[in-house]
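Work through the following exercises with the sequence and the model at hand, and try each task before reading its solution.

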Amino acid sequence: MPLARTLLALALAVLPFAAAKADPKRIAFPEGYEKTWLPYAVHNRPDNGQVRHLFANPVAVEAAKDGKAVPIGAILMMEVYKAKTDAANQPVAGPDGLWEKGDVVFYGLMQTGAGWGDEHPEAIRNGDWNYATFSPGKTHNPQMVEKPCLECHKAL
């Protein structure tokens, strides 16, 4: 699935890291995303017992399909779930080997906006990407710090 790989590489490659707290006015929770966004990957996380479902908005999908640079307005999102577990407290996998979703842990978003990268030092900047996390109730986490996101995604 070349498009899924392209979107996954994009998600992993562009998340920068700065000490600034995420600005809740920049990134809003995208209500209704599941109706129009492309679900492009699912990942089991054995290190923390989570399963993550990844989505891309139409702006990001069209750029990836066309092999173009990601434009302003692109959004990548991850739904993070605790994996369902069996009686032995082991993750329950479906026939495809992917774990079944349990309770939602949080939602993570990365979005581009004009000039958004300007506040981050060049060493950690990922263009104009910024990050936000939301609670299971879809409320913004104002305590979220972007630095770990930026650090992890800059190298990719």
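**Exercise 1.** Decide whether Phe 55 is buried or exposed, and list the residues that it touches.

Solution. Start with the cut-offs: buried means under 20% relative accessible area, exposed over 50%, and partly exposed lies in between, with a 1.4 Å probe and protein chains only. Phe 55 has a relative accessibility of 8%, so it counts as buried. The model is a predicted one, in which local features need pLDDT of at least 70 and side-chain atom pairs count only at pLDDT 80 or more, whereas totals for chains, interfaces and linings use all residues. Residues are numbered from 1 along each chain as its sequence is written, and side-chain values use heavy atoms, with hydrogens and water left out. Next, place the residue: Phe 55 lies in strand 2, where strands (E, at least two residues) and helices (H or I, at least four) are DSSP runs numbered from the N terminus. Finally, collect the contacts (heavy atoms within 4.5 Å): leaving aside residues up to four places away in sequence, Phe 55 touches Tyr 33, Trp 37, Leu 38, Pro 39, Tyr 40, Ile 75, Leu 76, Met 77 and Glu 79.

**Exercise 2.** Classify the ring pair of Tyr 33 and Phe 55, and state which elements hold the two residues.

Solution. Rings of Phe, Tyr and Trp (its six-membered ring) pair if their centres lie within 6.5 Å; planes under 30 degrees apart count as stacked, over 60 as edge-to-face and the rest as tilted. For Tyr 33 and Phe 55 the centres are 5.2 Å apart and the planes stand at 80 degrees, an edge-to-face pair. Because Tyr 33 lies in helix 2 and Phe 55 in strand 2, the pair ties together parts that are 22 residues apart in sequence. Both Tyr 33 and Phe 55 are buried.

**Exercise 3.** Repeat the analysis for Phe 29 and Tyr 107, then find the aromatic cluster to which they belong.

Solution. By the pairing rule there are five aromatic pairs. In that of Phe 29 and Tyr 107, the ring centres are 5.0 Å apart and the planes are at 75 degrees, so the pair is edge-to-face. Phe 29 sits in the loop between helix 1 (2-13) and helix 2 (33-36), and Tyr 107 in strand 4 (residues 101-112), so that the pair links distant parts of the chain, 78 residues apart. Phe 29 is buried at 12% relative accessibility, and Tyr 107 is buried at 7%. As a last step, join the pairs: Phe 29, Tyr 33, Trp 37, Phe 55, Tyr 107 and Phe 134 form one aromatic cluster.
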